[in-house]
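Please walk me through the sheet in this structure. I am new to it and would like short questions with reasoned answers.

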Amino acid sequence: MRKPQRGYARQDRVKEQIMRELAELVRTGLKDPRAGFITINEVEVTRDYSHATVFYTVLDDSTRDITEEALEQDKGHLSRELAKRVKLVKTNGLHLHYNDT
């Protein structure tokens with residue numbers, strides 16, 4: 001069996017930590033109470049950890065637009081809090097995308 005290339009295990013751990021921290025942040029920290037229940041599905045990070053692309057879904061599809069607006073308005077706050085919790089992620093590299101699959 002082949003050994004995974006160096007760095008991939010670390011990258012996977014960073015992605016999992018970002019998923020956990022963001023799930024906690026959106027559960028407790030969104031300012032707009034109209035936002036729906038958000039599930040973080042996947043996180044992709046660049047090799048230098050400067051950008052994180054987050055894919056999410058909402059429980060009730062009727063709240064999708066409101067939730068998207070709430071996330072976009074709070075993106076700066078989420079990015080700063082995430083940077084405090086995950087030291088590797090830079091604050092300017094958080095990208096949020098609705099996962100419609």
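The questions and answers below treat a predicted model.

Q: In what order do the three strands of the open sheet stand?
A: The sheet is open, and its pairing is mixed. β1 (38–45) and β3 (94–98) stand at the edges, each with a single partner strand, so each has one side without a neighbour in the sheet. The order is β1-β2-β3.

Q: In which sense do β1 and β2 pair?
A: Strands pair through backbone hydrogen bonds, in one of two senses. Glu42 has Phe55 of β2 as its bridge partner, and Val45 stands opposite Ala52 in β2. Over seven bridges, the sense of β1 and β2 is antiparallel.

Q: Which residue takes a positive phi in the hairpin of β1 and β2?
A: Six residues lie between the strands of this hairpin. The phi in question is near 60°, and the residue is Tyr49.

Q: What is the bridge partner of Tyr56 in β3?
A: β2 and β3 pair in the parallel sense, over five bridges. In β3, Tyr56 has as its bridge partner Tyr98.

Q: Why is β2 largely enclosed by the rest of the structure?
A: Buried means under 20% relative accessible area. β2 has seven residues, and it is largely enclosed because the number of them that are buried is six.

Q: At about what angle does helix α2 run to β2?
A: Helix α2 spans residues 64–73. The helix lies across β1, β2 and β3. Its angle to β2 is about 150°.

Technical notes:
Residues numbered from 1 in each chain as written. Predicted model: local features only at pLDDT ≥ 70, side-chain atom pairs only at ≥ 80, totals over all residues. Heavy atoms only, no water. Pairing = 2+ DSSP bridges. Helix = DSSP H or I, 4+ residues; strand = E, 2+ residues; numbered from the N terminus. Contact = heavy atoms within 4.5 Å. Axes fitted to C-alpha atoms, helices over the stretch in contact; angles between N-to-C directions. Buried < 20%, exposed > 50% of the residue type's maximum accessible area, 1.4 Å probe, protein only.
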